[in-house]
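Morning, everyone. I'll take you through one structure today, and I'll start with a single side chain before widening the view.

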Amino acid sequence: MPKTIMPLVLPDQNLEKKKAASRSWLLLDANGDSMMLEVDKYAIMHRVGIHARDLRILDPLLSYPSTILGRERAIVLNLEHIKAIITAEEVLLRNPHDEFVIPIVEELCRRLPPKSGRKHMNASALAGYDETSERENKDGSSWDPHNENPDSGADVPPFEFRALEVALEAICSFLDARTTELETNAYPALDELTKKISSRNLDRVRKLKSGMTRLTARIQKVRDELEQLLDDDEDMADLFLTRKMVGSGSPTAPSVVPSWVPASPTIGSRISRASRASTVTSYGHGSDDVEELEMLLEAYFMQIDGTLNKVTTLREYIDDTEDYINIQLDNHRNRLIQLELILSSATVVMAIYSLVAAIFGMNLPYKWNEGYGYIFKWVVILGGVGCLTVFLMVLGYARYKRLIGT
């Protein structure tokens, strides 16, 4: 009877790769509504219009420094545990179930929706503002759509600015809390080390110093990123997505980017920068937008700079403590050297005294050894006095040369 060979069923590798490539994203819109998305990186790239290299920065399995990147349609945000993509109308947040990300999600849901009685600076408002921006009053002031209605309240920043502010506030508060926690543990440990130098205290301070070094690098990177944005007005203008979205639909906006741009990130970045610059120039209000964003970034730059100053102060305190410990150890080492000098001098003196005893203790048949028993005590007394005199002379010479303390 012939044997029936059953075909070997292999798992669908493409399906497994697709599931592995799929990631959890939390989508928050301008109304504060949230929705979980289980999509792969290609869907995200197509949705927000970014390149794979920008999306790779948000990969939690890879270690990338803190970065804020402005693209044509999105802001790529990688600040410690905050990994998000901000567009002009929505926020895509990575790892929404992380314990450090959950408070940020709650804050975004609370602050992203525009408050009642205020008008959001959306695309239509900006379009009306841009169309009438050339109309000026006789006194030289330009028309502002937000100030047309006196009951509308204060101006509300664009959606991307509000989302960026929440992220910056969260990361600055997070790093400041880590710094405060480190200070709470470090100062008592350093004070304990100055009182008692032990292996336990030294190991405790070593761990705290290692943690401080890592925290300093994290704070420094966030500070450098904010400073880099503040030093470049074009980079700040690149973060104003709402104006670029309005500019792309206006008659004076640059032409549509060709379909081959995503395949060439370098050329795409150049075209993005050129289109952004032409858009800001054509509207003539780029400086106001940059100034508004600059004030926002400066506030959090000052906060993160203050946190860095606290860590720097802690580092200086640790360095001062190390110097104090080294001085104490040097003092103990000097005392040991002095004790060694005294013991060495005493050993030399005792060797001399032993030499005298050895000479008179030899069992040789000399006549001067007979009948002179009474002189034994004088040899012992005079030998001891002589050795003591030599010992005191050595100590006096060492004290005179400041080799030992007074």
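Start at H81. At 16% relative accessibility, H81 counts as buried, because the cut-off for buried is under 20%. Keep in mind that this is a predicted model.

Where does H81 sit? It is in the loop between strand 4 and strand 5. So what does H81 touch, once neighbours within four places in sequence are left aside? The contacts are F100, V101, I104, I171 and F174.

Now the hairpin around that loop. Strand 4 and strand 5 have two residues between them, and E80 takes a positive phi near 55° there. Strand 5 covers residues 82–86. The two strands run antiparallel, joined by five bridges. One pair to look at is L77, whose bridge partner in strand 5 is A84.

Strand 4 has a partner on its other side of the sequence too. Strand 3, residues 67–70, pairs with strand 4 in the antiparallel sense, over four bridges. These two also form a hairpin, this time with four residues between the strands. Here L69 has V76 of strand 4 as its bridge partner.

How enclosed is strand 4? Five of its five residues, 75–79, are buried, so strand 4 is largely enclosed by the rest of the structure. Take the faces in turn. I75, L77 and L79 are on one side, and V76 and N78 are on the other. All of these are buried, so both faces are covered.

Let me step back to the whole chain. The protein has 12 helices and six strands. Of its 406 residues, 35% count as buried. The accessible surface comes to about 25100 Å². Carbon and sulfur atoms account for 58% of that surface. On contacts, take residues at least 6 apart in sequence: 69% of those contacts join residues at least 24 apart.

Next, helix 7. This helix covers residues 199–231. The UniProt record, an unreviewed entry, annotates residues 205–232 as a "coiled-coil region". What does the model show over that stretch? The chain there is 96% helix and 0% strand. The end C-alpha atoms are 40 Å apart.

Now the charged side chains in helix 7. Side chains of opposite charge can pair when their charged atoms come close. D203 is a good place to look. It forms a salt bridge with R206 at 2.8 Å, N to O. D203 and R206 are three residues apart, about one turn of the helix. D203 also forms a salt bridge with K207, where the closest N and O atoms are 3.5 Å apart. That pair is separated by about one helical turn, because D203 and K207 are four residues apart in helix 7.

How accessible are these three? D203 is partly exposed, at 31% relative accessible area. R206 is partly exposed as well, at 47%. K207 counts as exposed at 52%, because the cut-off for exposed is over 50%.

Further along helix 7, E227 and R223 meet in a salt bridge at 3.2 Å, N to O. They are four residues apart, again about one turn of the helix. Buried or exposed, for R223? R223 counts as buried, at 17% relative accessibility. E227 is partly exposed, with a relative accessible area of 29%.

Salt bridges elsewhere link up further. E107, R110, R111, E165 and E169 are joined into one network by salt bridges that share partners. The count for the model comes to 16 salt bridges.

Last stop, the surface. Which residues make the nonpolar patch of about 650 Å²? They are Y374, I375, W378, I381, L382 and V385. V385 is found in helix 12, residues 376–400. With a relative accessible area of 48%, V385 is partly exposed.

To recap the route. We began at H81, which is buried in the loop between strand 4 and strand 5. We went through strand 4, where five of five residues are buried. We then followed the salt bridges of helix 7, including D203 with R206. We ended on the nonpolar patch that includes V385. Over to you for questions.

Key:
Residues are numbered from 1 along each chain as its sequence is written. This is a predicted model: local features need pLDDT of at least 70, side-chain atom pairs count only at pLDDT 80 or more; totals for chains, interfaces and linings use all residues. Side-chain values use heavy atoms; hydrogens and water are left out. Patches are made of residues with over 30% relative accessible area and no salt bridge: like charges are joined within 9 Å, nonpolar side chains (Val, Leu, Ile, Met, Phe, Trp, Tyr) within 5 Å. Accessible areas come from the Shrake-Rupley method with a 1.4 Å probe; for residues, only the protein chains shown count as cover. A salt bridge is a side-chain nitrogen of Lys or Arg within 4 Å of a carboxyl oxygen of Asp or Glu. Buried means under 20% relative accessible area, exposed over 50%, partly exposed in between (1.4 Å probe, protein chains only). Two strands pair if DSSP finds at least two bridges between them. Contact means heavy atoms within 4.5 Å. UniProt positions are given in the numbering used here, feature names are shortened, and annotations may be inferred rather than shown by experiment.
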